[in-house]
Amino acid sequence: SSGKNAIKHAQLLSEALRKTAASERIKLLRAYFLKADGEPRERLMNKELAQARPDLDQLAERAQSAFHRLSEDLKSLAAVEATIALYRLASDVLQRYTNAKAAGGALDFDDLIEKTVSLLNYSDQAGWVLYKLDGGLDHILVDEAQDTSPQQWEIIQALANEFFSGSGAREDAKRTLFAVGDEKQSIYSFQGAAPEQFRVMGDRFRQLATSARARWEPVPLNLSFRTVQPVLDAVDRVFADAQRTPGVGASPQTIRHIAFRAGAAGLVEVWPVEAHADGANTDPWDPLSETSERAPVNRLAERIAATIERWIKDGEVLPSTGKAITPGDVLILVRKRNPFALPMVAALKARGIPVAGSDRVQLTEQVAVRDLMALGDFLTLPEDDLALATVLKSPLFNLTDDDLLAFAPKRKGALWKAFLAHAGSNVRYKQAAETLKRWRAKADFTPPFEFYASLLERDGGRALFLNRLGIEAADSIDEFLELALAFDDREPPSMTGFLARLRDGGHEVKRDMEQGRDEVRVMTVHGAKGLEAPIVFLPDTCTTMSGDGPGIRLLELEQLRTGADTPAPFVWAVKGTSKLVPLRDASDTQK
């Protein structure tokens, strides 16, 4: 009699009491004590009932506290079990990898660094090796120093110590150590890059140089030859706030960049964020009136495409060139290819704006390659109806859905037989059927490269694909032929074997995005290093960093570090673990 929620909760508890299986009882109690995110429910009963039965309210709260603690312990146990499994798997993988390197007498990049560090710092021959190197080593240059790992700095320090000690510091020959870098441009953390070490090692070498009375010059590189002052001012304003840039080490001096192109104009625009929004309420009795809410990525892509289209149609003049804006003047940079690159390319193509596509593409995801693979599937297995339908609708034959509906739905048997039966009634059907029969006769006896090269060049397949899919299809077709040629050289020529290798390979095509064609370029920030454009869009600024979130990253346990010089242990975050909770025993003591 206390209200709908109270009755619902009473039913949950009554059903929980009746259950004998612990898992079923836990599920019902969780629905009562906890919210969907696993946090405790604020109120376990309504105000009237709590006032009428304070004893019951307190009992429920005590039970909720105990249940929540057990629930959090269960999450921690799940993290421990997942971590143990991960370590077992990783240990076996690394052991197999080590055995394979030993069997082949091979060293990878990390091995070279590790063995060099050991040779120069910890081996019995270190003194002799350094002595021999010191005799012929006058200059050390460290480029991209912000992407140098601590181990690599150990090598540099071992080589440079003689520059600042004993006779090595006072030799007639000029000995130099030069390091250049920018902490803001560190992008190789996955290779162990430690941008803060650039500053730490700089201070260390400065002390060594001062002690040896050697010349030491810190040179700030604040003159930019690439961009203009308004853009540099915007960058300086962002990096002036240390709270916004925790990944960049604090500098004792405020950095102000200066543009070499003095007096050149520039503009930085910040657009309002495209946020998620709930769809409008619609009449449940009129489902056709319902409209789905478009994702923010798609809305922003269309807004950018509309802006570029307006510039081009209105003939807006670019002040830096004095000419009207063209598609080739625009560069769109994203942090990751997904989820923004594909919707952006699609939005530009929908408005007829020339676009170069993504700078890196998966080969087997390209339409032209998928059509060529479907052709191979049909030629090796004519009973593959889906492959044949794909081939008939591909640019090679350009049949439509209406064409397929003329003979496919009511057929008896394979689609190929039905198509041959109807070929006499239509000239296009007959030409397609004759071509497919000719290709079938060749596919069984011709190596994959020879077959596809003949199809694309002599039979005009390449022109058909480019006419329908655009010039960007040429890169994927060329890469497809390169793989076919490499397969023919290494393996027994077989269409089935080639298609299987292609599907298992995960091949990626890197396209040349140097500004040559008059097309909008959509690239990752990493892939665009060294490129320039008068107009640059940075749309992908609100997504989380790749790898964040439960179930993906390893979590570092600072509270379990055993010493200042020892690394903190890691656990593997699993789905459902919203936060890390220390395991507790019966006496509530942290373990």
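**Exercise 1.** Determine whether Phe260 is buried or exposed, and describe its pairing with Phe225.

*Solution.* Phe260 has a relative accessibility of 51% and therefore counts as exposed, where exposed means over 50% relative accessible area, buried under 20%, and partly exposed in between (1.4 Å probe, protein chains only). Phe225, at 54%, is likewise exposed. The model is predicted: local features need pLDDT of at least 70, side-chain atom pairs count only at pLDDT 80 or more, and totals for chains, interfaces and linings use all residues. Residues are numbered from 1 along each chain as its sequence is written, and side-chain values use heavy atoms, with hydrogens and water left out.

Next, consider the rings. Phe225 and Phe260 form a tilted aromatic pair, 4.8 Å centre to centre with 35° between the planes. Rings of Phe, Tyr and Trp (its six-membered ring) pair if their centres lie within 6.5 Å; planes under 30 degrees apart count as stacked, over 60 as edge-to-face and the rest as tilted.

**Exercise 2.** Establish which residues bring helix H15 into contact with helix H16.

*Solution.* First, the geometry: H15 (residues 415-422) and H16 (residues 427-443) pack at about 130°, their axes 9 Å apart. Second, the contact (heavy atoms within 4.5 Å): H15 contributes Trp416, Phe419, Leu420 and His422, while H16 contributes Tyr429, Ala432, Ala433, Leu436, Lys437 and Arg440.

Third, the rings: Trp416 and Phe419 both lie in H15, three residues apart. Trp416 is buried at 7%, and Phe419 is buried at 0%. Finally, ring pairs link Phe378, Phe407, Trp416, Phe419 and Tyr429 into a cluster.

Note on methods. Axes fitted to C-alpha atoms, helices over the stretch in contact; angles between N-to-C directions. Helix = DSSP H or I, 4+ residues; strand = E, 2+ residues; numbered from the N terminus.
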